[in-house]
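Trainee: Got a minute to go through this one with me? I'd like to start with the charged side chains and then wander a bit.

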Amino acid sequence: MVGVVLVLVLLLVGGGCACVVWAQRGGPGWVRAVAAVTLGAGEVVRSAAKRRRRGSRNDGADLTSLGDGGGGSSGS
């Protein structure tokens, strides 16, 4: 079931990208509408990813103090 959903999402993304290219070349109105929706969805995903990255940097963890945790020698 998950595989079917992933295939459908992949088909939608591929179709949206094809519509963006076709709209750039002067396609019909419905292609331009699908291209606009595709580009808008891309902006939403991009802004959500930026917000998620910004939030993960300010979580209070000091990455320099983590170390490797092994305690062994790094020589040999």
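Trainee: Is Arg 46 buried, partly exposed or exposed?

Mentor: This is a predicted model, and in it Arg 46 counts as partly exposed, because its relative accessibility is 45%.

Trainee: And which side chain does Arg 46 meet in a salt bridge?

Mentor: That would be Glu 43, with 2.5 Å from N to O. Glu 43 counts as partly exposed too, at 46% relative accessibility.

Trainee: How far apart are Arg 46 and Glu 43 along helix α2?

Mentor: They're three residues apart in α2, which covers residues 29–57, so about one helical turn separates them.

Trainee: How many salt bridges does a search of the whole structure find?

Mentor: Just one, and you've already seen it: Arg 46 with Glu 43.

Trainee: OK, zooming out. How many helices and strands does the chain have?

Mentor: Two helices and zero strands. The chain has 76 residues, and 11% of them count as buried. About 6,500 Å² is exposed, with carbon and sulfur atoms supplying 65% of that.

Trainee: What about helix α1, what span should it have?

Mentor: Helix α1 runs over residues 2–24, which makes 23 residues, and at 1.5 Å a residue it should span 33 Å. Its end C-alpha atoms are 33 Å apart, so the expected span and the model agree.

Trainee: Which residues are buried in α1?

Mentor: Gly 16, Cys 19, Val 20 and Ala 23.

Trainee: And what follows α1?

Mentor: Gly 26 does, and its phi is positive, near 90 degrees.

Trainee: Let's switch to the surface. Which residues make the nonpolar patch?

Mentor: Met 1, Val 5, Val 9 and Val 13 make it, and the patch comes to about 410 Å². Met 1 is in the segment before α1. At 80% relative accessibility, Met 1 counts as exposed.

Trainee: Cysteines next. How many disulfides does the structure hold?

Mentor: Zero.

Trainee: Why is there no bond from Cys 17 to the closest cysteine sulfur?

Mentor: Because the distance is too great: the closest cysteine sulfur to that of Cys 17 is in Cys 19, 9.4 Å away, which is too far for a bond. To count as a disulfide, the two sulfur atoms have to be within 2.5 Å.

Trainee: Is Cys 17 buried or partly exposed? And Cys 19, buried or exposed?

Mentor: Cys 17 is partly exposed, with a relative accessible area of 43%. Cys 19 is buried, at 9%.

Trainee: Anything with aromatic rings? How many aromatic pairs are there?

Mentor: The structure holds one aromatic pair. Trp 22 and Trp 30 form it, and it's edge-to-face, with 5.7 Å centre to centre and 90 degrees between the planes.

Trainee: Where is Trp 30 found?

Mentor: In helix α2. Trp 30 is exposed, with a relative accessible area of 53%, whereas Trp 22 is partly exposed at 40%.

Trainee: One last thing: how far is Trp 30 from Cys 19 in space?

Mentor: They sit 9.1 Å apart, C-alpha to C-alpha, and eleven residues apart in sequence. Cys 19 is one of the buried residues of α1, while Trp 30 belongs to α2.

Technical notes. Residues numbered from 1 in each chain as written. Predicted model: local features only at pLDDT ≥ 70, side-chain atom pairs only at ≥ 80, totals over all residues. Heavy atoms only, no water. Helix = DSSP H or I, 4+ residues; strand = E, 2+ residues; numbered from the N terminus. Buried < 20%, exposed > 50% of the residue type's maximum accessible area, 1.4 Å probe, protein only. Areas by Shrake-Rupley, 256 points an atom, 1.4 Å probe, with all protein chains shown as cover. Expected span 1.5 Å × (residues − 1). Patch = residues over 30% accessible without salt bridge, like charges linked within 9 Å, V, L, I, M, F, W, Y side chains within 5 Å. Salt bridge = Lys/Arg side-chain N within 4 Å of Asp/Glu carboxyl O. Phe/Tyr/Trp six-rings, centres within 6.5 Å; stacked < 30°, edge-to-face > 60°.
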